[in-house]
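Here's a quick walk through one model, section by section. Keep the structure open alongside and follow the residues as they come up.

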Amino acid sequence: MSRFFATGSDSESEESSSADEITPKAPGTTLKQSLLLSDDEEDTKRVVRSAKDKRFEELTNLIKTIRNAMKIRDMAKCLEEFEQLCRAFLKSKNIVDKEGVPSFYIRLLADLEDYLNQLWEDKEGKKKMNKNNAKALSTLRQKIRKYNRDYETEIAAYKENPQESADEEEEKEPEDSGSSSDSDAEGGDEGVSSTSFLKKKPEAASEASKFLKSAKGSGDESSSSDDDDDDEDWGSDTVDSGSESSDEGKGRSASLAMVFLRKTQDSDKPSEKKLGKKKKPKKKERLEEEPEEEGGEEAGEGWEKVKGGVPLVKEKPKMFAKGTEINTAVVVKKLNEILQARGKKGTDRAAQIELLHALAAIAAENNLGQGILVKIKFNIIASLYDYNPNLAAFMKPDMWKKCLDCIDELLDILFDNNNHIFIGENIAEDSENLAISDQPFRVRGCVLTLVERMDEEFTKIMQNTDPHSQEYVDNLKDEGRVCGIVDRLLAYMENKGSTEEICRIYLRRIMHTYYKFDYKAHRRSLGLQGESKSEQDQEESEGEDSAVIMDRLCKFIYAKDRTDRIRTCAILCHIYHHALHSRWYQARDLMLMSHLQDNIQHADPPVQILYNRTMVQLGICAFRQGMIKDAHNALLDIQSSGRAKELLGQGLLMRNMQERNAEQEKIEKRRQVPFHMHINLELLECVYLVSAMLLEIPYMAAHEFDARRRMISKQFHHQLRVGERQPLLGPPESMREHVVAASKAMKMGDWRTCHSFIINEKMNSKVWDLFPETQRVREMLVRKIQEESLRTYLFTYSSVYDSISMETLSEMFELEISTVHSIISKMIINEELMASLDQPTQTVVMHRTEPTSLQNMALQLAEKLGSLVENNERVFDLKQGVYGGYFNRDQKGGYQQKQSYQRGTLNQKGGYQQKQGGYQRGGYRNQNQSNY
């Protein structure tokens, strides 16, 4: 570089001129000299570094790549670089043993683990990840947790004081760089090269930049991992600038000037860019910075802490100026001013609620009348509901308590001034009468809407609380208060409200009553009294039974309601309540008369969920009453779908994202029934499987060789197949295994073993003890098992016996002879059992009507061939375009068309008689034999 470009001092210019004097050379030596110069340049650029610097630089580069991948949530890249980092750290084991684990490495491990835990808890974010990133996230999380066990103490120390560990790291960096520069100076020539000089200088510059950045940030930025990245980037900028300047000249002064010129010109721009790119400080660092910021505020009088966002209301507006006469018009004007900010961005909702409370206090203090107070209360409750802008969010406990208090206060005012305040949605704001006068107050608003919203908020609180925590129990205690508010409003509406409004509030009361079992009414029906006198007095003082309340409210809705939805919900709740209290016939008749099953598919999802819950409760009620077939039919649709949990609104099943996106999942979660209203799914499945067992096992025994045997319950058959597939059969443990084992015992006619599997301590605790009348249900079950085992035994072993005594059967199955007689008579009448009763000897005489196995197989073959011919004829006729042929033949041509084929009885001459009807289990018998 020529000396004319030098910009240093005089002494520096003299040194550079003497060093750069141009002497004439021979033209032949130019090439040689240029080669020598290039060698000299290479010598000056070569840097001698220690093994420690090399290894640590490799680690820092990998850490920088990992942090960049963390910023863009590239988990696959994070995993790949982390594996490389572990290998690089293993290579530098000797250096780490001498120097200790570097703080920047510990820092990365701690930050990465926190970052991964944060991502793992963000379920919405996880769902949006692609497959590779989600897989990499789980893999990396497992690896980092396992890897960090070796560095638990270091990570704990870092987390206790991250600021100090960051400062130590910054102190170590200049020392390392100084030692490396010293080694460069010793290894190089006498003169210091521009590159080595520039490697020393940026440290000072970076310290200055740190100070500038901290001043600009005013405590908003923290010493997080991004700071180090920024410092390294700034350092690299200065190196780049140095390399650019070195191309122009080799003088020290020139490069020094260029460094400071570039630094002063560009110092503002990079800092602004970096500040824009910075992430928000973490929670821990924020907490640590808060006391420092407070101290700074005390020291600097002019400084003020500013919240994020663009607040429209910077300070609380003063209520009224001094000397202002406070009257209704002024208060209404101030109320409108406060309400204008409602819903705008940056409005502090909590402050707005406080202002409304203050305004209500001022109105009460100046005795402006109850009208203005009611209007302010309406707006306070509305503001409490608007506190959470998100529909899915639920109210915080303090806001919920305030809401209940405000609604109670509002109802107190309305009851105290029953004839002096008229409220309604149809009152226009212009026609409101809020001032004290001879006329009654007229206020625009609807108390019913506020109470309905309160009820919905209560449901949301219960949906979003962990049902197995004490907090859920505490929140559930508020239901008494909610029901009290509903009752008070109900009493108010019966006097003041329209028919439609009364129906709405009646439905709210019904929805809080229908699912609760009335134990006191149940005890009274059984003739039991309270143990102590206080309990008896309490029972007498209490009002009417829940059945009477439900009957009164529902019948009013049936008569007066004009909307189908309210009436449908009321009918379903009424049926549910009947079924819950074992009033089977009333519940069944009401369901059949309503014809809801015909058009329920057109109802909205919450009503469909209520319908499913009602059908399930109806089935359980039928089971308790011993109506096994009705119970099975009621539960069949819910249980056969395999989605009972979802259909009853008690949880969501895991599905693919294609079937249900995130928005639909949120909507479905809002439809879920709170935990205290759930129906026990294990009890439901057990009732269904036991009902299926009592129906299916006798049917299977009766139609063992029938090719057209149908399945009554697919789910029950599936459980039987699962039990048969097990290679090793141990004692049953789960509820399903107990039912399968009982079914196998019943199939053999062993009712005692079946009884021991269905009713035992484990099954009692899981299922049967959950019923209100436990003992009666158990007795009914034993009776049903005995009867169905008798039927199964007769179907299975009738071919073995010529005759059997009813007394013997009575002893075997521990049933009365009359019961055995009635069961066998029904079987004979229904042609299920080919036998006759000999009354004098009390025996059952069997008829050899059962075909042999060969005859059964021949009959099955004949049936299958008939169906094959029929299908072939149909296919042929479809091709011809005319449906005829097989079924249009006359008697001479072959088969006659009948309703269906029936297995007939073989007469004495041979051949089957064809009859109308379905295939019926028949057999060979002598036609001359008289009736039996």
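## Salt bridges

With a relative accessibility of 31%, Arg-588 counts as partly exposed. Keep in mind that this is a predicted model. Right next door, Asp-589 is partly exposed as well, at 33% relative accessibility. The side chains of Arg-588 and Asp-589 come together in a salt bridge, with 3.4 Å from N to O. There's also a network to look at: Asp-405, Asp-408, Asp-412, Arg-481 and Arg-488 are joined into one by salt bridges that share partners. As a general point, side chains of opposite charge can pair when their charged atoms come close.

How many salt bridges does a search of the whole structure find? The count is 40. One of the pairs worth clicking on is Lys-52 with Glu-99, where the closest N and O atoms are 3.6 Å apart. Lys-52 sits in helix H3 (residues 51–71) and Glu-99 in helix H5 (residues 93–99), so this bridge ties together parts that are 47 residues apart in sequence. Lys-52 is partly exposed at 22% relative accessibility, and Glu-99 is partly exposed with a relative accessible area of 48%.

Then there's the salt bridge between Lys-159 and Asp-114, whose closest N and O atoms are 3.3 Å apart. This pair links distant parts of the chain, with Lys-159 in helix H9 (residues 152–160) and Asp-114 in helix H6 (residues 103–121), 45 residues apart. Lys-159 is partly exposed, at a relative accessible area of 27%, and Asp-114 also counts as partly exposed, at 29% relative accessibility.

## Cysteines without a partner

How many disulfides does the count come to? Zero. Take Cys-554, which is in no disulfide: its nearest cysteine sulfur belongs to Cys-573 and is 7.0 Å away. A disulfide needs the two sulfur atoms within 2.5 Å, so that pair doesn't make the cut.

Why isn't Cys-573 bonded to Cys-569? The closest cysteine sulfur to that of Cys-573 is the one in Cys-569, and at 6.4 Å it is too far for a bond. Cys-554 is buried, with a relative accessible area of 0%, and Cys-573 is buried with a relative accessible area of 0% too.

## A buried glutamine

Is Gln-617 buried or exposed? It counts as buried, at 6% relative accessibility. You'll find Gln-617 in helix H31 (residues 605–624). Leaving out residues up to four places away in sequence, Gln-617 touches Tyr-576, Ala-579, Leu-580, Arg-624 and Ile-679.

## Two crossing helices

Next, look at helix H38 (residues 751–758) and helix H40 (residues 774–797), whose axes come within 10 Å and cross at roughly 145°. The crossing of H38 past H40 is right-handed. On the H38 side, the contact is made by Trp-751, Cys-754, His-755 and Ile-758. H40 brings in Leu-781, Val-782, Ile-785, Gln-786 and Ser-789.

## The three-stranded sheet

Which order do the strands take in the open sheet of three? The order is E3-E5-E4, and the pairing is antiparallel. Strand E3 (803–805) and strand E4 (835–838) are the edge strands, each pairing on one side only. Ignoring direction, neighbouring strands of this sheet are turned by 20° against each other on average. For general background, side chains in a regular strand alternate between the two faces of the sheet.

Going pair by pair, E3 joins strand E5 (residues 843–846) in the antiparallel sense over three bridges, and Ser-803 stands opposite Val-845 in E5. Helix H42 (residues 817–829) packs on the sheet and touches E4 and E5, its direction making about 140° with that of E4. The antiparallel pairing of E4 and E5 runs over four bridges, with Ala-835 opposite Met-846 in E5. E4 and E5 form a hairpin with four residues between them. In that turn, Gln-842 has a positive phi of about 55°.

How values were computed. Residues are numbered from 1 along each chain as its sequence is written. This is a predicted model: local features need pLDDT of at least 70, side-chain atom pairs count only at pLDDT 80 or more; totals for chains, interfaces and linings use all residues. Side-chain values use heavy atoms; hydrogens and water are left out. Buried means under 20% relative accessible area, exposed over 50%, partly exposed in between (1.4 Å probe, protein chains only). Two strands pair if DSSP finds at least two bridges between them. Axes are lines fitted to C-alpha atoms, for helices over the stretch in contact, and angles run from 0 to 180 degrees between N-to-C directions. Contact means heavy atoms within 4.5 Å. A salt bridge is a side-chain nitrogen of Lys or Arg within 4 Å of a carboxyl oxygen of Asp or Glu. A crossing is left-handed if the near helix is turned anticlockwise from the far one by less than a right angle, and right-handed if clockwise.
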